[in-house]
Amino acid sequence: MKCRICRETAVIALPRHNSAFCKEHFLDFFKRQVQRAIREFRMFSRKDRILVCVSGGKDSLTLWHILHELNYDTTGLYIDLGIGEYSKRSRRLCEDMAKSLGRELKVVEFSKAVAPIKDLARAAKRTDCSTCGVVKRYYFNKVALEEGYNVVATGHNLDDEAARLLGNLLRWQLEFVQKQYPVLEEEKGLKRKVKPLCRLTEQEIAAYAFLNRITYLRDECPMSHDSTSLLYKEALNRIELQSPGTKHFFYLQFLYRKRKGNLKGLSENAAVEPDGAETGDSKGGPFQCRVCGLPSSGQICSFCKITGYLDKSDQTPYEHA
Ligand code: AMP
Ligand code: ZN
Ligand code: ZN
């Protein structure tokens with residue numbers, strides 16, 4: 001297998017692009033895909049202060065690494081959710097990355113100051129994953145608002161986004177399809193959110209992490225029960241194996257058509273349950289939460305509703321590493 005560009009021995013085959021690359025040209029390809037996403041979706045510029053949300057997994061650590069390589073102004077944000085050894089190890093890996101990049105990592109001590117996420121989920125009678133989602137989205141926005149970051153970046157990749165699109169289409173949740181995009185502009189008190197790795201697959205990100213010696217946590221979160229998104233990813237991977245390029249076409253054509261305005265009117269008269277948790281995005285709104293003062297779609301925001309089931313009330317537990 002030879003590199004498409006220099007004909008040296010290739011280190012990775014990319015059937016979806018019908019090509020293979022050596023280390024140097026793969027890293028070049030990777031960088032170009034990230035820059036293209038940033039440019040195409042007008043995510044941010046070198047003047048912006050970017051808060052990179054890192055979990056200790058390969059996607060978010062790779063994201064931080066590449067944005068730093070590309071000379072963007074980045075700060076890491078890690079939320080300690082108190083999931084035993086898993087959280088301890090993931091926090092350490094984020095701290096290691098901060099040190100090696102020479103950048104600051106902010107840590108939200110959520111489990112110490114409020115409660116371990118499992119206890120909160122039990123008290124609020126919600127699933128672990130949906131509770132975790134509310135807490136993470138809340139702090140992504142809160143820290144950015146309070147500390148003057150204009151963009152919040154997460155490590156979602158092409159596989160994540162394609163699986164989400166498939167899930168939304170299988171359930172005819174057209175309102176969510178309409179909202180799904182790698183950039184959510186700042187509105188209603190919510191900071192701009194971006195997904196700069198949306199053009200890259202899990203396999204490509206793992207290769208980037210390997211070639212750059214990035215140490216990351218390989219284990220899935222032990223609380224993760226979101227088996228439907230894994231099922232959709234597996235289904236797309238099976239199709240991809242038989243028909244390389246399908247996954248990429250499915251998602252990137254969706255983005256392309258959306259950008260051109262071809263999907264306008266998609267959600268008109270759509271019959272959907274307005275459940276913000278499913279969209280993966282915090283719901284800002286016309287109200288200020290009566291408890292914490294942050295944007296909310298109702299009188300009290302989801303975060304304050306669920307933490308209201310606990311007695312403790314200190315909800316600003318972040319420190320700097
Ligand atoms: P997940 O919701 O676990 O699929 O993660 C999606 C993205 O959210 C990751 O790529 C990270 O950017 C971010 N993220 C997940 N967990 C954390 C965490 N504990 N602290 C900060 N950011 C996180
Ligand atoms: Zn080459
Ligand atoms: Zn609130």
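User: In this predicted model, which element supplies the largest share of the shell around ligand 1?
Analyst: Two elements, β4 (73-79) and α6 (128-147), each supply at least two residues of that shell. The largest share is three residues, and the element they come from is β4.

User: How many residues in the shell around ligand 1 are charged?
Analyst: The shell around ligand 1 holds 13 residues, with C53, V54, L77, I79 and G155 the closest. By class, seven are nonpolar and five are polar. The number of charged residues is one.

User: How much of ligand 1 does the protein bury?
Analyst: Oxygen atoms of ligand 1 have polar partners in the protein: a backbone atom of C53 at 2.6 Å and a side-chain atom of K136 at 3.3 Å. A backbone N or O atom of G155 also lies 3.0 Å from an oxygen atom of the ligand. Taken alone, ligand 1 exposes 480 Å², and the share of this that the protein buries is 74%.

User: Why does C53 form no disulfide?
Analyst: A disulfide is a covalent bond between the sulfur atoms of two cysteines. To count here, the two sulfur atoms must be within 2.5 Å. The closest cysteine sulfur to that of C53 is in C94, and it is too far for a bond because the distance is 11 Å.

User: Is C198 buried or exposed?
Analyst: The sulfur of C198 is 16 Å from its closest cysteine sulfur, in C53, so the pair is too far apart for a bond. Accessibility is a separate matter, and a residue under 20% counts as buried. C198 has 0% relative accessibility, so C198 is buried.

Terms used
Residues numbered from 1 in each chain as written. Chains lettered and ligands numbered in written order. Predicted model: local features only at pLDDT ≥ 70, side-chain atom pairs only at ≥ 80, totals over all residues. Heavy atoms only, no water. Near = heavy atom within 4 Å. Polar contact = N/O pair within 3.5 Å; in protein donor to acceptor, adjacent residues only side chain to side chain. Areas by Shrake-Rupley, 256 points an atom, 1.4 Å probe, with all protein chains shown as cover. Helix = DSSP H or I, 4+ residues; strand = E, 2+ residues; numbered from the N terminus. Nonpolar A, V, L, I, M, F, W, Y, C, P; charged D, E, K, R; others polar. Buried < 20%, exposed > 50% of the residue type's maximum accessible area, 1.4 Å probe, protein only.
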